[in-house]
Amino acid sequence: MRKYHIKRIGIAILLTFYFFMLTTIMQGEKPFSTSADYFALILAIIVGVLASLFIFDERIKKEYEQDKVEKDERYLKNRAIFNFYFIVALGLVIPVVFAFMSISDMEQLSLIFLAKSFIFVSLAYTILLEIVKKKA
């Protein structure tokens, strides 16, 4: 069970760090340009870790049970197939998007666009992976 608490702490820290970086980029600012940003990040990490340990204790127990199911060979096989097709689809879609952007005379990509695209692709991947998990 300790492994799941450590995993939860790591996920909370990484997600908070990524959230702070991406939101400042999407607002058109530089990440961590002031000392208040560092203070806010540290405070958010502390709150996130404490919340993930105490509030979501029941969820940690569910993850323990889910881990048993995820080690099922059928799920691992389906996930590997899904990952392959997702990467192939991403490889096919990205050049088409770049060609469309080139046709519409877009010469530069902004960091805001890239951050929003990253969030969209990450959410789509997570949602599709959950669908694969439910079908397995």
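In which helix does Thr-16 lie? I looked it up in the predicted model. Thr-16 belongs to helix H1, which covers residues 2–26.

**Entry 1: Thr-16**

I asked next whether Thr-16 is buried or exposed. Its relative accessibility is 13%. Buried means under 20%, so Thr-16 counts as buried. I then listed its contacts, leaving aside neighbours within four places in sequence. Thr-16 touches Leu-41, Ala-44 and Ile-45.

**Entry 2: the nonpolar cores**

Two of those names came up again when I turned to the cores. Leu-41 and Ile-45 are in the largest nonpolar core. This core has 7 residues, and the others are Ala-12, Phe-20, Phe-32, Val-49 and Leu-53. Which elements give two or more residues to this core? I found H1 and helix H2, the latter spanning 35–54. H2 supplies the largest share, 4 residues. I also noted a second, separate core of 5 residues. Among them are Tyr-75, Phe-82, Leu-129 and Val-132. As background, I wrote down that nonpolar side chains tend to be buried together in soluble globular proteins.

**Entry 3: helix H4**

I moved on to H4, residues 73–103. I checked its length against its span. With 31 residues at 1.5 Å a residue, H4 should span 45 Å. Its end C-alpha atoms are 45 Å apart, so the two agree. The buried residues of H4 are Tyr-75, Phe-82, Phe-86 and Met-101. Tyr-75 and Phe-82 I had already met in the second core. Just after H4, I saw that Asp-105 takes a positive phi of about 60 degrees.

**Entry 4: helix H5**

I ran the same kind of check on H5, residues 111–135. Its 25 residues should span 36 Å at 1.5 Å a residue. The end C-alpha atoms lie 36 Å apart, so this agrees. Which residues of H5 are buried? They are Ala-115, Leu-129 and Val-132. Leu-129 and Val-132 are also in the second core.

**Entry 5: the second largest pocket**

Last, I looked at a pocket. The second largest one has a volume of about 410 Å³. It is lined by 14 residues. Leu-90, Ile-94, Val-97, Ser-117 and Val-121 are the closest to its centre. Helices H4 and H5 are the elements that give two or more residues to the lining. H5 gives the most, with 7 residues. How does the lining divide into nonpolar, polar and charged residues? I read 13 nonpolar, 1 polar and no charged.

Terms used:
Residues are numbered from 1 along each chain as its sequence is written. This is a predicted model: local features need pLDDT of at least 70, side-chain atom pairs count only at pLDDT 80 or more; totals for chains, interfaces and linings use all residues. Side-chain values use heavy atoms; hydrogens and water are left out. On a 1 Å grid over the protein atoms alone, a cavity is a set of points where a 1.4 Å probe fits but cannot get out, and a pocket is an open set with protein on both sides within 12 Å along at least five of seven lines; lining residues have an atom within 4 Å of a point. Grid points are joined across faces, edges and corners, and a volume is the space filled by probe spheres set on the points. Ala, Val, Leu, Ile, Met, Phe, Trp, Tyr, Cys and Pro count as nonpolar, Asp, Glu, Lys and Arg as charged, and the others, Gly among them, as polar. The expected span of a helix is 1.5 Å times one less than its number of residues. Buried means under 20% relative accessible area, exposed over 50%, partly exposed in between (1.4 Å probe, protein chains only). Contact means heavy atoms within 4.5 Å. A nonpolar core is a set of buried Ala, Val, Leu, Ile, Met, Phe, Trp, Tyr and Cys residues joined through side-chain atoms within 4.5 Å.
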